[in-house]
Structures are given as C-alpha cells and as structure tokens.
Amino acid sequence: MFGKLLKYDFRSMLKQFAFIWPAALVLAVVNRFTLSGLDSTSATGETVAAIAMFVFVSIMIAMFVIAVIFTVQRFYKGLLGDEGYLMHTLPVRPWALIASKLVCAVVLTVISIVIAIVSILVIVSPVVDIREIFHVLRWFWEALRGNTNVINAFLVILEFLLLLLVGMAQSYLMLYLAMAIGHLFNKNRAAMSVAAYIGIHVVVSMLLSSINNIFGDMLGDFLSDLFWGKSGYPVWQSLHMSLWFSILFVGIGGAVYFFLTEYILRRRLNLE
C-alpha cells in the first residue's frame, strides 16, 4: 500500500512539474547561444540575450517557489484538508501517509537542484571550459584520497550527501509538524501553523542553546578535533565519526518531528 501512496504522490508531482523542468533545460540551451549577445555591439543581440536570461532566472525562481508551495499543499490538503477524509480512510497507518509525502518532497527538491545545476553548466559552457570543472573535481578527489584508499573517499562523499538529505528531510518534517499543530485549532489554522512553525524554531533554539551552555566547549572541542584529525583517531575515521555524529544529531531532530506529527494525525486529528 505504501508503494501505491508513493505512486499517487509522484504522479501529482510529475503533473505539476512536467512543464517547468523541461522549460528550464530548454531555456538553458537558448541562453547558451544568446549569452554572447551580451558582449556584442548589436542592440538586438543584447536585448534578446537579456530577455532570455531574465526568463531563465524567472523560471529558476519559480521552480523552487512552486516546489515549496507544492510540498506544503500536498501535505496540508492531502492529509489535513478535504482530501484528508479519503486518505485517512485508507488501510494504512498515519506514518505511511507522512512518509510518502516526505519522500516525494525530498525527491522533488533533489531533482530541482540537479536541473538547476545542469542548466547553469549548460549556460556557462561557452564561457567556462567544462573540462576545467572536471579538473577541479579530480583535484578535489585526489586531495580527498590522500594516501588512503578510494573506498574511504567515496564513503565520505556519500556520508556528506546523506547529511544533506537528512537535513532536507528534517526541514520538511518541521513544516509538517507546524501544520499539524496549527490544524488542532478550529479557527485561523493557517495563521496558527505559521505561529507553530515560529514556536518550534524558538523551542529548538532554546534547547540547542541550553545544550551548548552545558556541553558546548567539550562538544565543540571534540567535534573540532575529530574534523581536523587531532583526536588521536586516524584521519579517515575522524571524518567518518564527525559526519555520522552530524547525521545522527540532525536525524534525531527529524525523528522527533516525525513522531509528533504522526501522533497528532493518529490521536488528535480534527478535519472539521
């Protein structure tokens, strides 16, 4: 059943972005050939290039704005709005409903970021030699490898990407929790959701500040020594430990948001 939920959410995502993703790539190709017009003496060429770049930047901004709006709407309308009456009658647990929305949101964001990076690389290809970018990446890879094996370097890159994904998921789960809390009220639910989001930020900031006051120096020194290889552990082991500590720390926050949201949907849901 979880697979069917994912299929339903991904289908909605593709319908929403079936135009904007290809449009971003097409405009990137157009800008690749009109970019030279900015340096030409032709007024027409400069105008065309400026318009093409303006449209491209507008599409890029719209892509990410729509991604955020889509993520919020899919959760709010799908689980807390009119569609919620249907979704909550399905033979699935609330955690599966939340997880489906979360997976779709993270995948949507990742695809949008990849589209943006590819589009920018296409545009700058006449100005910047793409091979130089690969040379920089190769230099980074060699520096990362040092005198150790490739597996450790590859694992560090994967761990860093995992940290980014976990951080992204945590951000969305914070939004979900704020919307779930706001929906507990009978009036002004949108405003209460915004207030809940601000309140969560305040509580988390106070909690982190308290942890920092108690363990700040010790924890900061420990992480700094790990990251810079001064902890007595081998360099690669220090990098792995520091990254996994960060993943665990961010993941715990996301798990708290997830289970609080699941509890509200399971025990306190109010669709009236």
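The following paragraphs describe the fold, the nonpolar cores, the aromatic pairs and selected polar residues of a predicted model.

The model is a prediction, in which local features require a pLDDT of at least 70 and side-chain atom pairs count only at pLDDT 80 or more, whereas totals for chains, interfaces and linings use all residues. Residues are numbered from 1 along each chain as its sequence is written, and side-chain values use heavy atoms, with hydrogens and water left out.

The protein has nine helices and zero strands, where helices (H or I, at least four residues) and strands (E, at least two) are DSSP runs numbered from the N terminus. Read along the sequence, the elements accordingly follow the pattern α-α-α-α-α-α-α-α-α. Of the 272 residues, 35% count as buried, with buried meaning under 20% relative accessible area, exposed over 50% and partly exposed in between (1.4 Å probe, protein chains only). The accessible surface of the protein comes to about 16400 Å², of which 72% belongs to carbon and sulfur atoms; these areas come from the Shrake-Rupley method with a 1.4 Å probe, and for residues only the protein chains shown count as cover. Among the contacts with a separation of 6 or more, 75% are accounted for by residues 24 or more positions apart, a contact being defined by heavy atoms within 4.5 Å.

The largest nonpolar core (a set of buried Ala, Val, Leu, Ile, Met, Phe, Trp, Tyr and Cys residues joined through side-chain atoms within 4.5 Å) has 29 residues, and those with the most contacts inside it are Phe75, Ile98, Leu102, Tyr172, Leu173 and Tyr176. The elements that give two or more residues to this core are H3, H5, H7, helix H8 (189-227) and helix H9 (235-267), with H7 giving the most, namely ten residues. Tyrosine 172, one of the residues with the most contacts inside this core, touches Thr71, Leu102, Ala105, Val106 and Thr109 when residues up to four places away in sequence are not counted. A second, separate core of 19 residues includes Phe17, Ile20, Ala67 and Cys104.

Aromatic pairs were assigned from the rings of Phe, Tyr and Trp (its six-membered ring) with centres within 6.5 Å, and planes under 30 degrees apart count as stacked, over 60 as edge-to-face and the rest as tilted. By this rule the count comes to four aromatic pairs. The rings of phenylalanine 75 and tyrosine 176 have their centres 4.2 Å apart and their planes at 5°, so this pair is stacked. Because phenylalanine 75 lies in helix H3 (residues 43-80) and tyrosine 176 in helix H7 (residues 150-182), the pair ties together parts that are 101 residues apart in sequence. Both partners are covered by the protein: phenylalanine 75 is buried, with a relative accessible area of 0%, and tyrosine 176 counts as buried at 1% relative accessibility. Phenylalanine 258 and phenylalanine 259, by contrast, form an edge-to-face pair, with 5.6 Å from centre to centre and 85° between the planes. Within this pair, phenylalanine 258 counts as buried at 14% relative accessibility, while phenylalanine 259 counts as exposed at 54%. Phenylalanine 259 is found in helix H9, and its C-alpha atom is separated by 10.0 Å from that of proline 94, although the two residues are 165 residues apart along the chain. Phe17, Trp21 and Phe70 form one aromatic cluster.

Several polar residues also count as buried. Serine 100, placed in helix H5 (residues 94-124), has 1% relative accessibility and is therefore classed as buried; leaving aside neighbours within four places in sequence, serine 100 is in contact with Phe2, Leu5, Leu6 and Asp9. Glutamate 159, found in helix H7, counts as buried at 8% relative accessibility and, with neighbours within four places in sequence again left aside, is in contact with His240, Leu243, Trp244 and Ile247.

A salt bridge was taken as a side-chain nitrogen of Lys or Arg within 4 Å of a carboxyl oxygen of Asp or Glu, and by this rule the count comes to one. The side chains of glutamate 262 and arginine 266 meet in a salt bridge with an N to O distance of 2.8 Å. Because these two residues are four residues apart in helix H9, glutamate 262 and arginine 266 are separated by about one helical turn. Glutamate 262 counts as buried at 8% relative accessibility, whereas arginine 266, at 33%, counts as partly exposed.
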